[in-house]
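Student: I'd like a close look at just one part of this structure. Pick a stretch, take me through it slowly, and then show me what follows it.

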Amino acid sequence: MVLKSIDGGMLKEMYLSGCALLNQNREAVDALNVFPVPDGDTGTNMSQTMNAAVKELNSRPFSSVSDVASAAARGALRGARGNSGVILSQILRGIASALEGHDDMDAALLVKALRAGAQTAYKAVMKPKEGTILTVARVIAEEVESRFTGKEDIIEIFTIAVKSGDAILKRTPDMLPVLKQAGVVDSGGKGLMVIYSGFLSALTGSPVESLAEAPSAPLPGDFVDDHESLEEITFGYCTEFIVSHPRPDIKNADVTRLRKRLERIGDCVLVISDLSVVKVHVHTNDPGKALQMALELGELDSIKIDNMLEEHRERVAKQAAAQAAVKNEEKEYGIIAVALGDGFSEIFKGLNIDKIVDGGQTMNPSIDEIKQAIDSTNAKNVFVLPNNTNIILAAQQAAGLTDRNVMVLPTKSVPMGISAAIAFSPDATPEENLSEMNAAAERVHTASITYAVRDTVFDGREIHANDIMGMVDNRIRVLGSDVHDVALEVVDGMVTDESSVITVYYGSDIAEDKGAELVSELEAKYPDCEVDLQKGGQPLYYYLISVE
């Protein structure tokens with residue numbers, strides 16, 4: 001089978017197929033996370049990012065590869081979750097930039113798109129690390145470039161891409177010792193290869209094993225026309241109607257001819273028929289002509305014509321008025337924090353945090369959720385406390401999508417975020433607050449007590465499923481079989497002569513009296529430290545313990 005070029009419809013099928021295959025293999029990709037913690041989420045984050053891309057693609061028809069790629073990139077950026085999801089969104093963004101302005105894509109343009117995807121992803125990461133999804137994307141681009149002669153077709157190029165990607169993925173453990181110790185390949189790279197394999201399946205027509213978990217495209221009869229999502233109005237009238245009683249001799253060729261004629265006078269054309277009824281949707285500047293064309297097929301019914309230009313004017317006027325009102329009430333400072341657990345939510349509310357975004361160890365919020373939280377503060381200067389290493393990159397991307405002065409603090413745990421929030425002063429300048437809040441956060445060391453979900457080797461330690469793990473600043477320090485004993489041992493390794501405050505945040509699986517017992521022992525052991533017990537309410541993590 002030779003495929004010299006593809007149109008927007010085929011590119012959309014590729015995205016749908018890639019998303020479907022990733023949804024099917026999400027748990028398998030999650031299982032490749034190096035840390036054997038119960039919240040390994042690379043596959044989940046990447047699948048949710050692709051689902052957001054597909055949702056955007058299904059919002060309305062797109063015809064060119066440029067429009068399809070741009071829609072997918074736009075959806076992925078808004079829905080990106082976690083570091084892996086953000087990097088995936090940047091790959092899709094790079095692909096879209098290479099396809100901009102093109103109706104179709106040939107093999108040469110595909111090679112260019114794969115290169116642009118890798119380059120854009122590398123630029124989004126401050127300190128790119130080899131042996132990750134970045135390496136897989138880069139090597140694929142280099143391989144297809146080096147082997148491209150100009151004679152290959154789309155399928156041949158993408159077959160090379162998948163083979164080279166699988167080969168470099170197998171080598172990722174040689175680039176990152178932590179992968180070799182754990183006996184796994186890079187999870188983000190694996191996720192990308194699952195997506196690309198889905199792309200290839202669409203190109204060759206071979207079925208994806210299961211589409212059960214894939215977000216399905218809306219049925220033609222369920223087409224959703226979202227006028228409010230249109231930034232520019234080229235054709236002013238949304239025209240919908242039904243040919244309820246077609247001519248007895250109507251043929252499929254007549255329906256196809258109507259569709260082609262409508263495409264010459266408008267866009268967003270949808271013509272669906274089983275020859276007993278014809279359903280039509282079109283955006284056009286001449287609805288009368290559209291109706292006249294359809295009358296040739298039979299009687300018209302359920303005619304609906306909306307003036308989108310007037311709707312657009314009213315919407316713009318309302319938005320301008322709303323923005324002006326918001327601008328008048330704009331305040332100087334706002335703070336948003338990411339946290340999961342009713343206890344942590346109450347703590348942040350007590351610190352006058354403007355917006356708490358649900359997320360953290362077990363659930364990473366999307367870029368769009370963080371951006372909406374930033375905008376909801378209605379503040380000139382907004383501090384963002386991600387409180388998780390896997391959310392910092394998404395927060396940084398969200399900051400770039402708003403006109404506000406957004407400062408993302410690299411808080412890696414909720415206790416670091418709490419300390420930073422306490423250090424905030426409404427009377428200080430943004431620069432002074434950023435310095436003081438960062439300094440306060442850096443003084444905090446955080447221990448996490450959870451359990452291992454599988455057997456593995458990490459940092460030279462042999463870990464077994466259900467072992468209780470004590471981690472300090474995301475490094476495994478203690479392994480044991482008892483939560484209480486591991487917590488005590490972890491804190492013992494954290495406290496120094498300069499330590500003054502120990503705070504124990506108990507999770508949803510720990511009763512308050514158990515937490516109180518731990519605090520009593522810590523008070524007796526460290527009389528020079530103030531020891532406090534707080535409800536965190538976090539899932540999966542028995543305790544989060546901060547020492548400062």
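**A hairpin and what comes after it**

Tutor: Let's start at a turn: β14 and β15 make a hairpin with 2 residues between them, and D473, which sits in that turn, has a positive phi of about 50 degrees. Keep in mind throughout that this is a predicted model.

Now for the two arms. Strand β14 covers residues 468-472, while β15 takes in 475-480. They pair in the antiparallel sense, with 5 bridges between them. If you want one spot to click on, try V472, which stands opposite R475 in β15.

β14 has another partner too. Strand β11, residues 445-451, runs antiparallel to β14 and is joined to it by 5 bridges. Here the pair to look for is I449, standing opposite G470 in β14.

So what about cover? β14 is mostly covered, with 5 of its 5 residues buried. Look at the two sides in turn: I468, G470 and V472 point one way, M469 and M471 point the other way, and every one of these is buried. The background is simple enough: side chains in a regular strand alternate between the two faces of the sheet. For scale, 53% of the chain's 548 residues count as buried.

Next, leave the hairpin by way of β15. The loop between β15 and α19 is where you'll find D482. D482 has a relative accessibility of 34%, so it counts as partly exposed. That's a change of scene from β14, whose residues are buried.

D482 is also one of the residues in a negative surface patch, alongside D485, E489, E512, D513, E517 and E521. Two helices each supply at least two residues of that patch: α19, spanning 483-494, and α20, spanning 512-525. The largest share comes from α20, with 4 residues. On your screen, then, you can go from the turn at D473, along β15 and into the loop that holds D482, and on to the patch residues of α19 and α20.

Finally, zoom out. The secondary structure of the whole chain comes to 20 helices and 18 strands, and its C-alpha atoms fill a box of roughly 95 × 55 × 40 Å along the principal axes. If you fancy a look elsewhere, go to helix α1, residues 8-24, where N23 lies. With a relative accessible area of 5%, N23 is buried. Its C-alpha atom is separated from that of S187 by 14 Å, although N23 and S187 are 164 residues apart along the chain.

Conventions:
Residues are numbered from 1 along each chain as its sequence is written. This is a predicted model: local features need pLDDT of at least 70, side-chain atom pairs count only at pLDDT 80 or more; totals for chains, interfaces and linings use all residues. Side-chain values use heavy atoms; hydrogens and water are left out. Patches are made of residues with over 30% relative accessible area and no salt bridge: like charges are joined within 9 Å, nonpolar side chains (Val, Leu, Ile, Met, Phe, Trp, Tyr) within 5 Å. Accessible areas come from the Shrake-Rupley method with a 1.4 Å probe; for residues, only the protein chains shown count as cover. A salt bridge is a side-chain nitrogen of Lys or Arg within 4 Å of a carboxyl oxygen of Asp or Glu. Lys and Arg count as positive and Asp and Glu as negative; His and the chain ends are not counted. The place of a charge is taken as NZ of Lys, CZ of Arg, CG of Asp or CD of Glu. Buried means under 20% relative accessible area, exposed over 50%, partly exposed in between (1.4 Å probe, protein chains only). Two strands pair if DSSP finds at least two bridges between them.
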